[in-house]
Amino acid sequence: MTIANSPPQLSLPDHKQLPESDGTFVKNFQEHPQSLLLTSSIQPVLQALHPDGQYAIGQDCGIYWRLVDPPERGAEAPDWFYVPNVAPLLDGERRRSYVMWKEIIAPLIAIQFVSGDGTEERDRTSPFDNNEAQAGKFWVYEQAIRIPFYAIYEVDRASVEVYELIGNRYQQLSPNDRGHYPIPNLGVELGIWQGVFFNQNLPWLRWWDSAGNLLLTGDERADQEHQRAERLAAKLRELGVDPSDV
């Protein structure tokens, strides 16, 4: 009896087999602290949402959405993005990239920091318009990866645009009375904060809670606790009590 040959098993590359970088570099000295500011301040929120630790944050990491040659043409690297309900490590190893055909779950929000005139971040070019065309970032996030929230932050204009995927298209959101953009899935708001961070007084992109309270970084939370302890110690001294005896 003759047994028909089985079709070859399709094997797609994973995060270890795809390029980890396209060789480009961060364009300015503000982007690194901006990413740290976003990550540090939202960590308590994410830890409460994911007590099992199942979430990932990417910073300038490639999201592979299609397999082409060269592979980098099938990837976009948001300056900051968050993916819920995925393991932070893969088989105990650090992630080199985020591969959609291996992961399935799309990021909930992606943020781009504008370094030029914003054309690249708002590029709606479809690869179906021309076989040689490079898909635009906006099109990829909206149509290919389908990220629910996409933010475009321009430090030079002290502004942020936030888009929500409604149906099959991004709709630009209007700010609330505080000038912030609610991200309901996270219970937070995104907006512009003027202040000093990493010795730079700039309009930074930051998170607030749904009541309008600024979400603090780890260092800011530590400073706040230190100031509270200092005030308490001063009050005890006014009462004739040595704080070290308490």
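In this predicted model, strand S4 (residues 80-84) runs antiparallel to S6, and three bridges hold the pairing together. One place to see the register is Phe-81, which sits opposite Ala-110 in S6. S4 itself is mostly covered, with five of its five residues buried. That goes for both of its faces: Trp-80, Tyr-82 and Pro-84 are buried on one side, and Phe-81 and Val-83 are buried on the other.

S4 also has a partner in S1, again antiparallel, this time over four bridges. Here Ile-57 stands opposite Tyr-82 of S4.

Moving on to S6 (residues 109-113), the picture is one of enclosure: five of its five residues are buried, so the rest of the structure largely wraps this strand. Ile-109, Ile-111 and Phe-113 point to one side, Ala-110 and Gln-112 to the other, and both of these faces are covered. Strand S7 (residues 149-154) pairs with S6 as well, but in the parallel sense and over five bridges. Within that pairing, Gln-112 has Ile-152 of S7 as its bridge partner.

Zooming out, these strands belong to an open sheet of six, ordered S1-S4-S6-S7-S8-S9, with mixed pairing. The edges are taken by strand S1 (55-58) and strand S9 (169-172); each has a single partner strand, so one side of each lacks a neighbour in the sheet. On average, and ignoring direction, neighbouring strands of this sheet are turned by 20° against each other. Helix H3 (residues 137-144) lies across S6, S7, strand S8 (159-166) and S9, and it runs at about 115° to S9.

Aromatic contacts come next. The structure holds 14 aromatic pairs. One of them is Phe-113 with Tyr-153, an edge-to-face arrangement with 5.8 Å centre to centre and 90° between the planes. This pair ties together distant parts of the chain, since Phe-113 belongs to strand S6 and Tyr-153 to strand S7, 40 residues apart. Both Phe-113 and Tyr-153 are buried. Elsewhere, Phe-138, Tyr-141, Tyr-150, Tyr-163 and Tyr-170 come together as one aromatic cluster.

That leaves helix H1 (residues 31-49). Its 19 residues, at 1.5 Å a residue, should span 27 Å, and the end C-alpha atoms are 26 Å apart, which agrees. Even so, H1 has a kink of about 45° at Gln-43, shortly before the proline Pro-44. Plenty of side chains in H1 are worth checking for burial: Glu-31, Pro-33, Gln-34, Ser-35, Leu-37, Leu-38, Thr-39, Ser-41, Ile-42, Val-45 and Leu-46 are buried. For the pattern along a helix, a general point helps. An α-helix has 3.6 residues a turn, so residues three or four places apart point the same way.

Among the buried residues of H1, Glu-31 deserves its own look. Glu-31 is found in helix H1, and with 6% relative accessibility it falls under the 20% cut-off, so Glu-31 counts as buried. In sequence, Glu-31 and Ser-115 are 84 residues apart, yet their C-alpha atoms are 9.1 Å apart in space.

Key. Residues are numbered from 1 along each chain as its sequence is written. This is a predicted model: local features need pLDDT of at least 70, side-chain atom pairs count only at pLDDT 80 or more; totals for chains, interfaces and linings use all residues. Side-chain values use heavy atoms; hydrogens and water are left out. Buried means under 20% relative accessible area, exposed over 50%, partly exposed in between (1.4 Å probe, protein chains only). Helices (H or I, at least four residues) and strands (E, at least two) are DSSP runs, numbered from the N terminus. Two strands pair if DSSP finds at least two bridges between them. Axes are lines fitted to C-alpha atoms, for helices over the stretch in contact, and angles run from 0 to 180 degrees between N-to-C directions. Contact means heavy atoms within 4.5 Å. The expected span of a helix is 1.5 Å times one less than its number of residues. The bend at a residue is the angle between axes fitted to the seven residues ending there and the seven starting there. Rings of Phe, Tyr and Trp (its six-membered ring) pair if their centres lie within 6.5 Å; planes under 30 degrees apart count as stacked, over 60 as edge-to-face and the rest as tilted.
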